[in-house]
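Let's take a walk through this one, starting with a hairpin and then moving out to the surface.

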Amino acid sequence: MKSKKNTKRIPSFRKLLRTSQIKLDNKLKNRQYKQQSAVKKYRKEQKKLREAIRDAIASKPFPLEESKKKKVGKYLYDKHEEEEDALPLDMMDEDDLKLMEDLAQKASFLTRDLSSNEPVHVKKRKHESVIEKYEKVPRHMQTEPEKELIHLLPIKDKSGIIPQTMEKPALNTAQDEDEDTEEMEEAEDFNEEPLPVLTPEEMAAQRRQKLQERKMHIAALASAILSEPDNNIKKLKELRAMLMEQDPNVAVIVRKLVMVSLMEVFKDIVPSYKIRPLTEAEKATKVKKETQKLREFEEGLVSQYKFYLENLEQTIKDWKQRKLKKSNVISLKAYKGLAEIAVKCLCELLVTLPHFNFHNNIIVLIVPLMNDASKKISELCCEAVKKLFKQDKLGYASLGVVKVISGLVRGRNYDVRPEVLKVFLHLRIKEVELQKDSEDIAPKKKFMTYKEKRKNLSRMQRKWKKAEEKLERELLEAEASESKEKKLKLHTETLNIVFVTYFRILKKAQKSPLLPAVLEGLAKFAHLINVEFFDDLLIVLHSLIASGGLSYRESLHCVLSAFHILSGQGDVLNIDPMKFYTHLYRTLFSLHAGRTNDDIGIVLQCLDVMFAKRRKQVSQQRALAFLKRLSTLALHVLPNSSVGILATNRVLMQTFPRMDLLLDNESQGSGVYLPELDEPEHCNAQNTALWELHLLQRHYHPIVQKFAAHLIAGAPTEGSGALSLDLSQRPATELFEEYSVRGMTFNPPVASVTPRRKDTFSQMDSFIDEELNQQLQQHSVTVVHKPLDFAKHLKEASPS
């Protein structure tokens, strides 16, 4: 058996990307802990050595052995004298030398080890050297750090594969260690000195300096990534790491700047297609260097984009759960600002990158925030979804959002904000022209004419060209029909989900605050509802109106929805909506110049659908009754509402014949007009006159005056009584919005007139002077006098 070689395999970049973030963080922490432990150990040993040297220098050193004076009998011999009296060994006799050696073997104190830890005369020694203590400490051999190896490409020979490695070049850490040692010494020398206290101005200046450094670093990283995304994709990780800024003075601002910077970077470098993960077969296939580089760039981009979205999501969750990190770098109050920036970034990515990876994840994050308690965050998310609906041409993103909103409404048991359902009104389904043929949708391609073929091509070339053009036409038609079918399928599925949501609320939550949004949505999409549901839906709408539990605005939405249903595919149904006409006629006088003035816009839409689009189903008596009641209503509302109502009256007079009966004082039949009757068919409106137009002709608003004069003249389309084109060609709802007075100003503004500033009394003085001069000239008398002070005379002549 062949022995397995213990070769270390280098993990690939893809494997590193698949490694969990927690595992990578743990590895990094372990490596840092080991390095810190080694540095601390080395510093402790150096510190001990420095202390020993300092103590040795400070204290007076003692000799290892101190020679004492010896007593022999009554005589003392000093060391100097002994050295002088001592004889060399070569001058001694052999017997004396032998005697000295025998004595030396018996005397144990002469042969003891001076470096022993337990000397014989312990009690007699009074001083012990510090250096000797340090020397007696056991030595520890400093182990050399393991050298890091770099694995190179292996070499294959006859014996097998030979792995190749090389040592990683060591960084010059000697200088760093010296600097650390010096810093430690300085800290030890000056550890008793207090830190300098900074003034508020110095603290602000220091904070500005730190913030400027962070800004420059963020700008440098972002510029490097944008300049060469393929080569600098790893700098995305460095930039994303700044989201964990730990300096409490600049942490909040730096994190906000990094969030926005990363969002802009991703918007610029993300490709216009979705990046899919590689299969195992694709990974095993050998590809070119350029292809491999592109794959690594795409994998790195998707990985960093995913981590960035996770950071944004975690920031929002921490704020929602009121949870602080262990470091406590950022307060709870500052977390709200961070969460708002995170929501803005997610909304921007939702709108600008609907084609890229993790778009459905962003939808799942944004849609619940539409129902958030914070009004600002809710408005941000609703506006982002509206923008997405408006710019979504095919319908993939809209379908995903509608599914999540429907699930949210059902999961919350219909307890959501009405704004969540109102975003359905911005779907582009109504704008798509589904009745066009595939030839109109297909891209136009210019083919050669017969004359051009005859002139430029031979007979055989013409034959081939004809077959080629036929094939191209078929391909273009197939492509157009496929895109059209895809659109229809997506829109149908989207509308089904919308209508299911609406019908559930109509059935289970009729007293919910969502009902106005539901009725408004039904009014918008009613022409796309299946004919099979029309009867049931009209019955439900009428029952809602008859119940009396709706507000006036909600009942108007019911009426509008019913007529939208009947004016579309409902034309083929034989249904008379007289009850809806009666309800609107009865409730018209509920409108006034106060709070209900905004509801007139919905009334104008109802009148347009009821009369202009269903003129063949409306009788003359009904049209006369509405014309009279609307003219009376125009006296009680704001000017913009009066303009819209008079524009609707103009349409009625031009659409239905014999409406000029109301411009004549003479009655046109039996009976008396009954203005209090709520039945428009039986109120005898033909026996009254439009006297309200004469009052409206004296209205202070110039546009109301023009419309009133135009209607008195019989609403002519040309001549002196005709309106200008900018008023005659615009619908009533547009005129209502155009001349709105929401800004509490005149619309159109009143032209400012600057009268001449002349004193009345001075005018009277000049007039009297002229009269006196004329009378004196008649009598040939010349008088020189001062101007008459008429004001003074009036004051004197007036009674007290």
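Strands β3 and β4 make a hairpin with four residues between them, and Gly160 in the turn has a positive phi of about 140 degrees. Helices (H or I, at least four residues) and strands (E, at least two) are DSSP runs, numbered from the N terminus. β3 covers residues 149-156 and β4 residues 161-167, and the two pair antiparallel over six bridges; pairing takes at least two DSSP bridges between strands. Across the hairpin, Ile155 sits opposite Ile162 in β4.

A word on the source: this is a predicted model, where local features need pLDDT of at least 70, side-chain atom pairs count only at pLDDT 80 or more, and totals for chains, interfaces and linings use all residues. Residues are numbered from 1 along each chain as its sequence is written, and side-chain values use heavy atoms, with hydrogens and water left out.

Now for helix α2, residues 21-58, which holds Lys34. Lys34 counts as exposed because its relative accessibility is 61% (buried is under 20%, exposed over 50%, partly exposed in between, with a 1.4 Å probe and protein chains only). Leu49 is also placed in α2, but at 32% relative accessibility Leu49 is partly exposed.

Leu49 joins Ile53 and Ile57 in a nonpolar surface patch with about 290 Å² of accessible area together, an area that comes from the Shrake-Rupley method.

Definitions and conventions
Patch = residues over 30% accessible without salt bridge, like charges linked within 9 Å, V, L, I, M, F, W, Y side chains within 5 Å. Areas by Shrake-Rupley, 256 points an atom, 1.4 Å probe, with all protein chains shown as cover. Salt bridge = Lys/Arg side-chain N within 4 Å of Asp/Glu carboxyl O.
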